[in-house]
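Reader: Please give a close account of the ligand site in this model. I should like to know which residues form the site, and how the charged pairs and cysteines elsewhere are arranged.

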Amino acid sequence: MKLARLDHPADFEGWREAARRAVALGVSPDEMDFCVGDEAGPLFAEPLGAMPDGAPGLSVPRAFPDLARKVVCHADPERFRLAYRLLWRLQREKGLLEVASDADVARAAEFEKAVRRDSHKMKAFVRFREVETTDGQRHYIAWFEPFHHVVELTAPFFLRRFPGMIWSILTPKRSVHWDGAEMVFAPGADASQKPADDDTEALWLTYYSSIFNPARLKVKAMQAEMPKKYWHNLPEAALIEPLIRGAEAASRRMIETAPTLPSLRAEKQSERNTMARAAAVPAFNGFNKAPDTIEEAREQARHCKACPLWEPATQTVFGEGPPDAPVIFVGEQPGDQEDLAGHPFVGPAGKVFNAALEAAGVDRAQAYVTNAVKHFKFEPRGKRRIHKTPAVSEVKVCRWWLEQERELIRPKLIVALGATAAAAVIGKTVTIRDTRSRLIDLPGGDTKLLVTVHPAYILRLPDAEAQAREQTLFEEDMGRVKAFVPEIAL
Ligand code: URA
């Protein structure tokens with residue numbers, strides 16, 4: 001029996017390296033085993049030998065690496081051997097993964113599904129609490145109890161979502177820490193390290209009660225998405241039963257009385273509270289479940305009341321474009337015409353944007369176009385509605401939707417049109433001067449960011465010469481996008 005020792009329970013890279021070596025050495029699946037850390041391996045097992053010189057590379061179906069990555073995250077102790085058996089068999093049975101009735105393939109599919117589900121639940125049910133640190137920095141800590149080894153798999157999601165905060169997620173299996181610059185994984189924690197309630201908790205509970213919509217209550221759907229086994233780590237869980245019990249009466253009241261605003265609207269929120277709320281806002285943003293598709297996200301966003309902008313606006317203007325677009329363009333917020341039409345970038349700024357895309361040879365139909373804030377913010381002046389820049393708190397709260405768009409589309413490139421868009425994507429304020437025209441790596445994935453000016457900036461320039469100069473620079477930036485959009489057949 002040969003044995004490979006892996007660094008941690010979801011050590012996919014270690015497994016892959018050892019599995020390649022084992023195939024090259026001709027070690028059959030019955031003769032191969034894996035153990036983690038200083039765990040004892042099987043009696044009389046010998047360490048796996050070194051890679052033989054000149055061993056050929058392995059070829060596997062395109063779907064296999066992703067499948068194996070998820071399989072090794074499963075809690076079953078057989079996971080590494082199962083993944084190795086599949087790899088070994090794939091060298092001899094090329095179409096194996098298509099045979100759904102094969103026992104190994106079926107088991108791997110079951111493992112993958114369970115891991116995907118657990119990772120989804122982690123995204124939805126992690127609740128950060130703010131803790132004091134000695135250096136005066138705010139640190140957000142969450143405690144979560146996954147069934148499988150999903151911390152490595154799911155951490156990039158939190159990095160994309162909270163790049164500007166210092167946070168840790170502790171689980172009994174593994175922990176992850178982000179200090180604003182580096183993500184570090186560490187062994188599991190125990191429940192005594194669980195963060196205590198903080199003052200964001202009261203805020204979050206108020207928020208949860210105010211967004212709980214009794215008219216939309218579907219108890220079965222809600223419990224299927226938020227199984228009771230997760231409730232003991234969810235502060236809002238204590239509210240669920242009383243809210244459900246009171247739902248019928250609350251529905252009646254809602255119909256009888258004029259619409260009221262969520263109680264938080266009345267509160268003048270300080271920057272600190274907004275950040276705390278952004279950290280504490282659950283992945284669902286007040287809906288029964290996280291969206292699985294862009295269409296579902298768009299439908300949910302139609303009802304979003306997470307900030308006060310929904311009320312005076314005509315409608316939510318959600319992003320538009322192919323759900324697998326390679327590029328997402330992010331503007332600031334819809335303008336007057338976009339608000340009326342319900343589509344992004346169709347007014348004067350949209351014309352400047354379209355002209356630059358055309359000059360650069362980029363087909364807008366291949367990109368996804370959205371905004372940092374999905375409702376029009378304005379000040380009525382006579383019959384006109386004058387654009388108002390969204391507040392930082394509105395950008396932060398609306399960032400949830402941008403995150404969903406990013407997560408579901410997974411573009412190769414995000415183009416931030418202006419400083420508000422750049423701040424929404426990165427999670428902190430940046431200047432156009434310092435960031436413009438460079439391809440910046442975004443943390444937690446392989447998406448790049450390109451920052452450029454907002455097309456409305458060009459429109460507002462006082463003289464034609466400056467406008468022409470800026471239009472050229474803007475077109476040059478659009479030219480940088482071209483490399484990310486596949487050529488279109490004529
Ligand atoms: N400005 C934006 O930022 N977005 C639009 O959709 C229109 C104008």
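Author: The account below begins at the ligand and then turns to the rest of the chain.

The model is predicted. Ten positions surround the ligand: Gly 331, Glu 332, Gln 333, Pro 334, Gly 335, Glu 338, Pro 344, Phe 345, Asn 371 and His 454. Sorted by class, this shell has three nonpolar, five polar and two charged residues.

Polar atoms of the protein approach the ligand at several points. From the side chain of His 454, an N or O atom is 2.6 Å from an oxygen atom of the ligand. Asn 371 places a polar side-chain atom 2.7 Å from a ligand nitrogen. Phe 345 takes part through its backbone, where an N or O atom lies 2.9 Å from an oxygen atom of the ligand. The protein covers 93% of the 230 Å² of accessible area that the ligand has on its own.

Phe 345 deserves separate attention. This residue sits in the loop between helix H13 (336–341) and helix H14 (348–360). Its relative accessible area is 5%, so Phe 345 is buried. The backbone of Phe 345 also has a positive phi, near 50 degrees, in a residue other than glycine. Most residues other than glycine have a negative phi.

A second residue with a positive phi is Phe 44, at about 65 degrees, and Phe 44 is likewise not a glycine. Phe 44 belongs to the loop between strand S2 (32–36) and strand S3 (46–47). In accessibility the two phenylalanines fall into separate classes: Phe 44 counts as exposed at 76% relative accessibility, whereas Phe 345 is buried at 5%.

Glu 332 links the ligand shell to a helix. Glu 332 is among the residues that surround the ligand, and its side chain is joined to that of Thr 420 by a polar contact of 3.4 Å. Thr 420 lies in helix H16 (residues 419–426). With a relative accessible area of 19%, Thr 420 is buried, because the class holds for values under 20%.

Beyond the site, the structure holds 30 salt bridges. Some of these pairs lie within a single helix, and three of them can be described in turn.

In helix H1 (residues 12–24), Glu 17 and Arg 21 are four residues apart, so about one helical turn separates them. Their side chains meet in a salt bridge with an N to O distance of 2.9 Å. The partners fall into separate accessibility classes: Glu 17 is partly exposed at 40% relative accessible area, while Arg 21 counts as buried at 16%.

Helix H2 (residues 64–71) holds Lys 70 and Asp 66, again four residues apart and about one turn of the helix. The salt bridge between their side chains has an N to O distance of 3.1 Å. Here the basic partner, Lys 70, counts as buried at 13% relative accessibility, and Asp 66 is partly exposed with a relative accessible area of 38%.

The third pair, Arg 406 and Glu 403, lies in helix H15 (residues 392–409), with the partners three residues apart, about one turn of the helix. Their side chains form a salt bridge at 3.9 Å, N to O. Both partners are buried: Arg 406 has a relative accessible area of 6%, and Glu 403 has 4% relative accessibility.

Salt bridges also join into a network, which links Arg 85, Arg 89, Glu 93, Asp 102 and Asp 104.

The cysteines remain to be considered. A search of the whole structure finds zero disulfides. For Cys 304, the closest cysteine sulfur is in Cys 398, at 6.4 Å, and this is too far for a bond because a disulfide requires sulfur atoms within 2.5 Å. Cys 304 is buried, with a relative accessible area of 11%. Cys 35 is also buried, at 2%.

To return to the site, the ligand is contacted by the side chains of Asn 371 and His 454 and by the backbone of Phe 345. The last of these residues combines a buried position with a positive phi.

Note on methods:
Residues numbered from 1 in each chain as written. Predicted model: local features only at pLDDT ≥ 70, side-chain atom pairs only at ≥ 80, totals over all residues. Heavy atoms only, no water. Near = heavy atom within 4 Å. Polar contact = N/O pair within 3.5 Å; in protein donor to acceptor, adjacent residues only side chain to side chain. Areas by Shrake-Rupley, 256 points an atom, 1.4 Å probe, with all protein chains shown as cover. Nonpolar A, V, L, I, M, F, W, Y, C, P; charged D, E, K, R; others polar. Buried < 20%, exposed > 50% of the residue type's maximum accessible area, 1.4 Å probe, protein only. Salt bridge = Lys/Arg side-chain N within 4 Å of Asp/Glu carboxyl O. Helix = DSSP H or I, 4+ residues; strand = E, 2+ residues; numbered from the N terminus.
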